[in-house]
Amino acid sequence: MKPGIHPDYRPVLFHDTAADVYFLIGSTVDTDRNHRHSDGKTYPYVALDVSSASHPIYTGQQRKTQVEGRVAGFNKRFAGFASPQVK
């Protein structure tokens, strides 16, 4: 390997702010922030909006309000197109 061209690989503390979960993972991400972890050591810190701890696909939680809103919007928009039933 050539010296001086590879990024520094070290443990980094990632924080999922939506689920308030911390992950300590090896990474080369560049950050200026540091945070003290539960083990008492200070690590480079990166805040995340979404991770596997908070994403609906990984947690199995679906947002029912959005689905119900879409169905209601569809029925409202196309209710006038239904043909009257002939007897």
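## A serine–aspartate contact

The side chains of Ser 51 and Asp 16 are joined by a polar contact of 2.6 Å. The model in which this contact occurs is predicted. Ser 51 belongs to the loop that runs between strand 4 and helix 1 (56–59), while Asp 16 is part of strand 1.

Is Ser 51 buried or exposed? With a relative accessibility of 12%, Ser 51 counts as buried, because the limit for that class is under 20%. When residues up to four places away in sequence are not counted, Ser 51 touches Asp 16 and Phe 23.

## The surroundings of Asp 16

Asp 16 is also buried, and its relative accessible area is 0%. The side chain of Asp 16 takes part in further polar contacts. One of them, of 2.8 Å, is with the side chain of Ser 54. In addition, a polar atom of the Asp 16 side chain lies 3.1 Å from the backbone nitrogen of Ala 18.

How far apart are Asp 16 and Ser 54 in sequence and in space? The two residues are separated by 38 residues in sequence, and by 7.5 Å in space from C-alpha to C-alpha. With neighbours within four places in sequence left aside, the residues in contact with Asp 16 are Val 21, Phe 23, Leu 48, Asp 49, Val 50, Ser 51, Ala 53 and Ser 54. Of these, Val 21 is the bridge partner of Asp 16 in strand 2.

## The four-stranded sheet

Strand 1, which holds Asp 16, belongs to an open sheet of four strands with the order 2-1-4-3 and mixed pairing. Strand 2 and strand 3 are the edge strands, each of them pairing on one side only. From one strand to the next, the twist averages 45°.

The pairings can be taken in the order of the sheet. Strand 2 and strand 1 are antiparallel and share seven bridges. Strand 1 (residues 10–16) and strand 4 (residues 42–48) run parallel, with four bridges between them. Strand 4 and strand 3 (residues 34–36) are antiparallel, with three bridges.

Individual residues illustrate these pairings. Which residues stand opposite Phe 14? In strand 2, Phe 14 faces Phe 23; in strand 4, Phe 14 stands opposite Val 46. Phe 23 is also among the residues in contact with Asp 16, and Ser 51 touches Phe 23 as well. In the pairing of strand 3 with strand 4, Arg 36 stands opposite Thr 42.

## Two hairpins with positive phi

Strand 1 and strand 2 form a hairpin with four residues between the strands, and in this hairpin Asp 20 takes a positive phi near 55°. Asp 20 is a residue other than glycine with a positive phi value, and its place is in the loop between strand 1 and strand 2 (21–27). Asp 20 counts as exposed at 52% relative accessibility, because the exposed class begins over 50%.

The hairpin of strand 3 and strand 4 has five residues between the strands. Here, Gly 40 has a positive phi near 90°.

## The aromatic pair in helix 2

How many aromatic pairs does the structure hold? There is one. The pair is made by Phe 74 and Phe 78, whose ring centres lie 4.9 Å apart; their planes stand at 50°, so the pair is tilted. A tilted pair is one that falls between the stacked limit of under 30 degrees and the edge-to-face limit of over 60.

Both residues lie in helix 2 (residues 64–78), and because they are four residues apart, about one helical turn separates Phe 74 from Phe 78. Phe 74 is partly exposed, with a relative accessible area of 48%. Phe 78 is likewise partly exposed, at 37% relative accessibility.

## Confidence in the model

Across the protein, the pLDDT averages 84, and 85% of the residues score at least 70. Which elements have the lowest and the highest mean pLDDT? Helix 2 has the lowest, with a mean of 71, and strand 3 has the highest, with a mean of 97. Where pLDDT is low, the predicted coordinates should not be read in detail.

Note on methods. Residues numbered from 1 in each chain as written. Predicted model: local features only at pLDDT ≥ 70, side-chain atom pairs only at ≥ 80, totals over all residues. Heavy atoms only, no water. Pairing = 2+ DSSP bridges. Phe/Tyr/Trp six-rings, centres within 6.5 Å; stacked < 30°, edge-to-face > 60°. Buried < 20%, exposed > 50% of the residue type's maximum accessible area, 1.4 Å probe, protein only. Polar contact = N/O pair within 3.5 Å; in protein donor to acceptor, adjacent residues only side chain to side chain. Contact = heavy atoms within 4.5 Å. Axes fitted to C-alpha atoms, helices over the stretch in contact; angles between N-to-C directions. pLDDT = per-residue confidence, 0-100.
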